[in-house]
Amino acid sequence: MVGICGGLPLAIITLRGLLPKKRRLKEWEMMCRNINLYLRSGKRHGEENGLISEVLALSYYDLPYQLKPCFLYLGLFPKDTEVSTKKLIQMWVAEGIVTSMNEEKAEDIAERYLGELIDRCMVEVGARSLTGRVKTCRLHDLMRDLCLLKAKEQSFLQGIHLGHEKEPITVFSSSMVPVMPTGKLRRLSIFLGEHVDGFVPPKNENFSRLRSLLFFNAKDCRIRDWQWAKPVLEEFKLLRVLHLEGFKTEGELPKTIGSLIHLRYLSLKNSSIRSLPSSIGNLGCLRTLDLSFALEGYVPKIPNVMLKMLQLRHLYLPSKFTVTGATKLRLSDLCHLETLSLLDARKSNVKELVKLTSLRKLEIVSLESFEELEVIFNSPSPILNSLRSLSVEILDDRVEEGNLTQFLQACHNDFYRLSIDGALSKLPDPSKFKPNLSKLRLSKSKLLNDPMTTLGKLPHLKVLELGDAYDGKKMVCSCEDFPQLNSLFISDFPKLEEWTINAGSLPNLFNLKIRQCEQMERIPNGLNLIATLQKLEIIWMPEAFVNMIKVEVQHVHSISLSIVE
């Protein structure tokens, strides 16, 4: 079978993706016959691209029926784009391409489907998180060609490029979109170039049942006012997915947004919006609402209507905002909410969080005191049974060891991520941390005792970020400390002079970053003993430290160095 692929890497890799599910000899023999059948014409004419295309086509035909629309949906994104897997999964679910089955959640199924497309080599991994999760994915150019070909054959989607020539385009004509064989277009991507200064959607039966509408605009797009979106919102009443990211426009989002009552996914990420209309509260079917705006020197206004969005699962708030219609943003009725990002404690009632019993990820900023969260971990509410990730910013107060211990003991054993931005009196005993904690970030902790003594005993910790977390002069990683740690970031330890890494410590460390520890003149003792270290980043460190790295650390594949100015 490899021979049939003519030594072409992409064809071989794609073929490899077809075989893991076929475990009997007869299945392999049948696959070999099919490959001969599909590839005969391309091989006969000696056309490499034709040969590859036929292998790729075979990989598509071999997909289970439920994976085919998931693969085709990727054709909506621009060429060479790394697509956020989180966003992609939320879109699949919003469109109804993936639905829940039995007791398994739709998003868990979608994540499994994406993993299978990756295993089959139809989708490439772009970037991974430090814990190994796939953060972005992409299509190879030839795989994308196949995707668009099959999507066109099945009237699955259409992509339109506007304003990429020198002449300004103000009107979008239905003649720009080929008529679908079915007469009903379901999914549309519109790529707005720098010469577009307006947009008027066509009133055409071909668009009446549009489900997904994704806009991608050039960096220098001329559209400067949100009124351009008003006819779009009026025309496409059945939309479930609306992607309006990155628009550097001015003013308020049109009130007609409230007419899209079937909408389940709305992303305004990195767009400039001064205020949202109260009519957005009509979107009762929304599952994902991304309001992480680009703040262009102003504070956006958000109406107090989120309480009406009873199906909301994921809410991403801007880092700064004011509430209109009330003094606090109310969220207490959102019992299905799983992600709550950048909630400002000054603009909301923290006590209401106990009612969000499905919450899995919470990011809360501007807390006056960690004790404000006591209402959560002292409550009989099951919120801490679902919570898996917590990020908090404490403004002035110091987090006491007892309060942190109380919170950790109240969390579920599957709690895996904790980020605390604020002063800590002392770290709890290692036995008080949850066993599955894999990512820990401490910033501005100002600890007086060596944090490595405690943190090194956490058995499943994979990522550790410490920024301005320790005020001591010496730090030691003892033998057998950090058995699973993959990435370690040390930043802004103003008094640290000596760091010792004993033999047997950090046996799996892959990535190490040391930044702005100005009193540290010598490299960590034992650093050259970490055989697994592949990436070392040294930022704003003393010249003597940097020179020692150049001389004594030779085994690391990637080293980046910069001297403190």
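How many of the 11 residues of helix α5 (residues 85–95) are buried? In this predicted model, 10 of the 11 are buried, so helix α5 is largely enclosed by the rest of the structure. The buried set comprises Thr 85, Lys 87, Leu 88, Ile 89, Gln 90, Met 91, Trp 92, Val 93, Ala 94 and Glu 95. Charged residues of α5 are thus listed alongside nonpolar ones, among them Lys 87 and Glu 95. Immediately after α5, Gly 96 adopts a positive phi of about 90 degrees.

An open sheet is built from 3 strands in the order β1-β3-β2, with antiparallel pairing. Its edges are formed by β1 (83–84) and β2 (124–128), each of which pairs on one side only. Between β2 and strand β3 (residues 134–138), which run antiparallel, there are 4 bridges. Within this part of the sheet, Arg 128 lies opposite Val 134 of β3. In general, the strands of a sheet pair through backbone hydrogen bonds, in either a parallel or an antiparallel manner.

On the surface, Glu 368, Glu 371, Asp 396, Asp 397 and Glu 400 form a negative patch. One of these residues, Glu 368, is located in the loop that connects β14 (361–367) with α9 (374–377). Glu 368 has a relative accessible area of 41% and is therefore classed as partly exposed, this category covering values between the limits of 20% for buried and 50% for exposed residues.

How values were computed. Residues are numbered from 1 along each chain as its sequence is written. This is a predicted model: local features need pLDDT of at least 70, side-chain atom pairs count only at pLDDT 80 or more; totals for chains, interfaces and linings use all residues. Side-chain values use heavy atoms; hydrogens and water are left out. Patches are made of residues with over 30% relative accessible area and no salt bridge: like charges are joined within 9 Å, nonpolar side chains (Val, Leu, Ile, Met, Phe, Trp, Tyr) within 5 Å. Accessible areas come from the Shrake-Rupley method with a 1.4 Å probe; for residues, only the protein chains shown count as cover. A salt bridge is a side-chain nitrogen of Lys or Arg within 4 Å of a carboxyl oxygen of Asp or Glu. The place of a charge is taken as NZ of Lys, CZ of Arg, CG of Asp or CD of Glu. Helices (H or I, at least four residues) and strands (E, at least two) are DSSP runs, numbered from the N terminus. Buried means under 20% relative accessible area, exposed over 50%, partly exposed in between (1.4 Å probe, protein chains only). Two strands pair if DSSP finds at least two bridges between them.
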